[in-house]
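Here are some short exercises to work through with the model open beside you. Try each task first, then follow the solution step by step.

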Amino acid sequence: MSDNITIAVSKGRILEQSLPLLAKLGIHPEEDPNSSRKLIFATSEPNIRLIIIRATDVPTYVEYGAADIGIAGKDVLMEYDGDGLYEPLDLGICKCRLSLAGPKQAQNSNGRLRIATKYVKTTRDYFATQGKQVEIIKLYGSMELAPVLGLADLIVDLVESGNTLKANGMVELEKIVDISSRLVVNKAAMKMKQSLIKPLITRLADIL
Ligand code: PRP
């Protein structure tokens with residue numbers, strides 16, 4: 001399969017903002033992945049196919065070579081433990097930030113702060129650099145609910161417009177890191193499929 005390339009993208013914002021970039025490279029899926037239940041799509045380029053997977057699975061597929069290339073948020077990459085990925089390009093799409101947020105009327109908590117988040121590793125590192133001991137509660141979504149129901153004091157989550165925080169009576173307290181989507185490439189594929197992958201990266205870099 002050294003003459004074929006599999007590109008992994010996740011459904012939602014990343015897919016919506018990746019498709020125009022791929023289109024500029026002349027890569028058009030055979031049908032619209034936004035509205036299809038299929039997981040694999042042939043494209044207008046006979047040797048390039050697209051797979052649609054969960055955002056958190058993109059680094060895994062790429063590290064193990066099940067996909068050669070992936071598009072993943074920096075938030076997901078920072079949480080990923082593997083070390084088999086190249087990250088050659090910041091695609092500048094899906095820009096937002098990972099922030100510490102909490103209720104507008106902060107409760108004075110005397111004990112150890114409880115932080116609800118999907119981003120356990122990044123949150124742990126963030127508080128460790130501040131020398132603060134916190135209790136981290138892992139959630140898989142709707143973090144904004146946790147302080148409202150007393151599950152946690154604060155949350156660490158992605159913020160784009162700030163509307164979700166506002167709608168739940170919360171405010172952004174501190175930006176932890178800027179986030180955008182990155183191109184990731186399998187290390188072996190970068191060597192073995194160099195003649196296919198390198199030009200793609202170069203053309204993408206030119207477009208950006
Ligand atoms: C993200 C994030 C916030 C929201 C922030 O959720 O977790 O809930 O977007 O965006 P805003 O500042 O523009 O309101 P997403 O919609 O990606 O769904 P998720 O909870 O499944 O991650």
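Buried means under 20% relative accessible area, exposed means over 50%, and partly exposed is in between, with a 1.4 Å probe and protein chains only. This is a predicted model, in which local features need pLDDT of at least 70, side-chain atom pairs count only at pLDDT 80 or more, and totals for chains, interfaces and linings use all residues. Residues are numbered from 1 along each chain as its sequence is written, and side-chain values use heavy atoms, with hydrogens and water left out.

**Exercise 1. Salt bridges**

Task: Find the partner of Lys121 in a salt bridge, and say where the two residues lie.

Solution:
- Start with the criterion: a salt bridge is a side-chain nitrogen of Lys or Arg within 4 Å of a carboxyl oxygen of Asp or Glu. The whole structure has 10 salt bridges.
- Lys121 pairs with Asp81, at 3.3 Å from N to O.
- Next, place both residues, using helices (H or I, at least four residues) and strands (E, at least two) that are DSSP runs, numbered from the N terminus. Asp81 sits in the loop between α3 and β5 and Lys121 in helix α4 (residues 120-129), so the salt bridge ties together parts 40 residues apart in sequence.
- Finally, check the accessibility. Asp81 is exposed, at 66%, and Lys121 is partly exposed, at 25%.

**Exercise 2. A network**

Task: Work out which residues are joined with Lys74 into one network of salt bridges.

Solution:
- Begin at Lys74, which forms a salt bridge with Glu87; their closest N and O atoms are 3.2 Å apart. Lys74 belongs to helix α3 (residues 74-79) and Glu87 to strand β5, 13 residues apart.
- Glu87 has a relative accessible area of 36% and is partly exposed.
- Then look at Asp90 and Arg182, whose side chains meet in a salt bridge at 3.6 Å, N to O. Asp90 is in strand β5 and Arg182 in strand β11, so this pair ties together parts that are 92 residues apart in sequence.
- Compare the two ends: Asp90 is partly exposed, at 39%, whereas Arg182 is buried, at 14%.
- Put together, shared partners join Lys74, Glu87, Asp90 and Arg182 into one network.

**Exercise 3. Nonpolar cores**

Task: Describe the largest nonpolar core and name the element that gives it the largest share.

Solution:
- A nonpolar core is a set of buried Ala, Val, Leu, Ile, Met, Phe, Trp, Tyr and Cys residues joined through side-chain atoms within 4.5 Å.
- The largest core has 28 residues, and Ile7, Ile69, Leu91, Leu183 and Ile197 have the most contacts inside it.
- Elements giving two or more residues to this core include β1 (5-10), β11 (181-186) and α8 (194-207). The largest share, 5 residues, comes from α1.
- A second, separate core has 12 residues, among them Cys96, Leu98, Tyr126 and Leu154.
- For a closer look at Leu91, use contact, meaning heavy atoms within 4.5 Å. Beyond residues up to four places away in sequence, Leu91 touches Leu21, Ile71, Ser181, Arg182, Leu183, Leu204 and Leu208.

**Exercise 4. An aromatic pair**

Task: Decide whether the rings of Tyr126 and Phe127 are stacked, tilted or edge-to-face.

Solution:
- Rings of Phe, Tyr and Trp (its six-membered ring) pair if their centres lie within 6.5 Å; planes under 30 degrees apart are stacked, over 60 edge-to-face, and the rest tilted.
- A search of the whole structure gives 1 aromatic pair. The ring centres of Tyr126 and Phe127 are 5.0 Å apart and the planes are at 75 degrees, so the pair is edge-to-face.
- Tyr126 is buried, at 9%, and Phe127 is buried, at 3%.

**Exercise 5. Positive phi**

Task: Locate Cys94 and Ser142, and state whether each is buried or exposed.

Solution:
- First, the background: most residues other than glycine have a negative phi.
- Cys94 has a positive phi, near 55 degrees. Cys94 lies in the loop between β5 (85-90) and β6 (96-103) and is buried, at 13%.
- Ser142 has a positive phi of about 45 degrees. Ser142 is in the loop between β8 (134-138) and α5 and is exposed, at 54%.
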